[in-house]
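Q: Could we go through this structure together? I am new to it and would like to begin with the overall picture.

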Amino acid sequence: MVAGNGLFYPIFGFASLVLFIYMSFGDMRLGFEEGPEVSFVGRNGTQFVLDGKPFYINGWNSYWLMVQSVDDYSRPRVREMLKAGAKMGLTVCRTWAFNDGDYNALQTSPGVFNEQAFKALDYVIAEARRHGVRLLLSLVNNLHAYGGKTQYVEWAWQEGVGLSSSNDSFFYDPSIRSYFKNYVKTILTRKNTITGIEYRNDPIILGWELINEPRCMTDPSGDTLQDWIEEMSAFVKLIDKNHLVTVGLEGFYGPNDPKRLTVNPEDWASRLGSDFIRNSKTENVDFTSVHIYPDHWICLRIL
């Protein structure tokens, strides 16, 4: 009788159209392969552990994975890079989880996000899971590239709430700290559109790096940066109790450490507002890293 009154075919046709659109564009998870069960990497004293056994990191840095995943033509590079890393037996890849106010920005202004760029980060995480490669995700840059702390300071200055136009106000300006906390919360609670897993609950993420190579040169005592590290590491742990946290340091010893004259490349390295030992001893920092550029530092020494 439904067919008889002429309603069946229009309803069937409309339902078919909706199903086609959904299958084509609506739920990317339909093409995602779950793969084997993944556990969180933890820490036992000075040892990384996975499922109760030692976990050893050998990996690489490809900061560009997210930005290369935004456009269809460059996205295959990301899959091939992760595939190649896995084939070589590498276990961890460090990459950016930020792009502030730049081309294909993830965060276009404070608290405003580009969903296309966010889906690109979703893709990076999903591909890492597919290939069994853990990710160390960095949350902001001390340098200008991809926005960095300079962009946060400019946003605050443009909105008339910034205390100073100095890049280092990123570390002490309450408004900028609020901007960054909002960013961190958005990243950690993001639900991946491909895997359906919130980032804070995804074990393919090894951990969070607070900032790439922090320096606060306006306060060589290191107190300003130390306060920022303590606050932001605690904030991350408040939202995400699953993942490890690191700072992202270059490894310089601070002005009060006797090693500053014997281990640092030169005395200038102790006046940058960072202190490897003090910063790393922060309660909510789980492990340390050192970003070493010996060729560059040796050149500085010669000059």
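The conversation below moves from the whole chain to one pair of helices and then to single residues.

Q: What kind of model is this, and how are residues numbered?
A: This is a predicted model, in which local features need pLDDT of at least 70 and side-chain atom pairs count only at pLDDT 80 or more, while totals for chains, interfaces and linings use all residues. Residues are numbered from 1 along each chain as its sequence is written, and side-chain values use heavy atoms, with hydrogens and water left out.

Q: How many helices and strands are there in the protein chain?
A: The protein chain has 10 helices and 10 strands; these are DSSP runs numbered from the N terminus, helices being H or I with at least four residues and strands E with at least two.

Q: And what share of the residues counts as buried?
A: Of the 303 residues, 49% count as buried, meaning under 20% relative accessible area with a 1.4 Å probe, protein chains only.

Q: Changing topic, how do α3 and α4 pack?
A: Helix α3 (residues 75–87) and helix α4 (residues 115–131) pack at an angle of about 30 degrees, and their axes are 9 Å apart. Axes are lines fitted to C-alpha atoms, for helices over the stretch in contact, and angles run from 0 to 180 degrees between N-to-C directions. The two helices α3 and α4 are therefore roughly parallel, a term for angles under 35 degrees.

Q: Which residues make that contact?
A: On the α3 side they are Arg75, Val78, Arg79, Leu82, Lys83 and Ala86, and on the α4 side Ala120, Tyr123, Val124, Glu127, Ala128, Arg130 and His131. Contact means heavy atoms within 4.5 Å.

Q: How many disulfides does a search find?
A: The search of the whole structure finds zero disulfides, a disulfide being a pair of cysteine sulfur atoms within 2.5 Å.

Q: Is cysteine 93 buried or exposed, and what about cysteine 216?
A: Cysteine 93 counts as buried at 0% relative accessibility, and cysteine 216 is buried with a relative accessible area of 1%.

Q: Where is serine 233, and what is it in contact with?
A: Serine 233 lies in helix α8 (residues 223–239) and is buried, with a relative accessible area of 0%. Leaving aside neighbours within four places in sequence, serine 233 contacts Leu210, Val245, Thr282, Asn284 and Val285.

Q: Where is asparagine 284, then?
A: Asparagine 284 is in the loop between α9 (276–280) and α10 (294–302). Not counting residues up to four places away in sequence, asparagine 284 touches Ser233, Ala234, Lys237 and Val245.

Technical notes: Parallel < 35°, antiparallel > 145°, perpendicular 65-115°, else oblique. Buried < 20%, exposed > 50% of the residue type's maximum accessible area, 1.4 Å probe, protein only.
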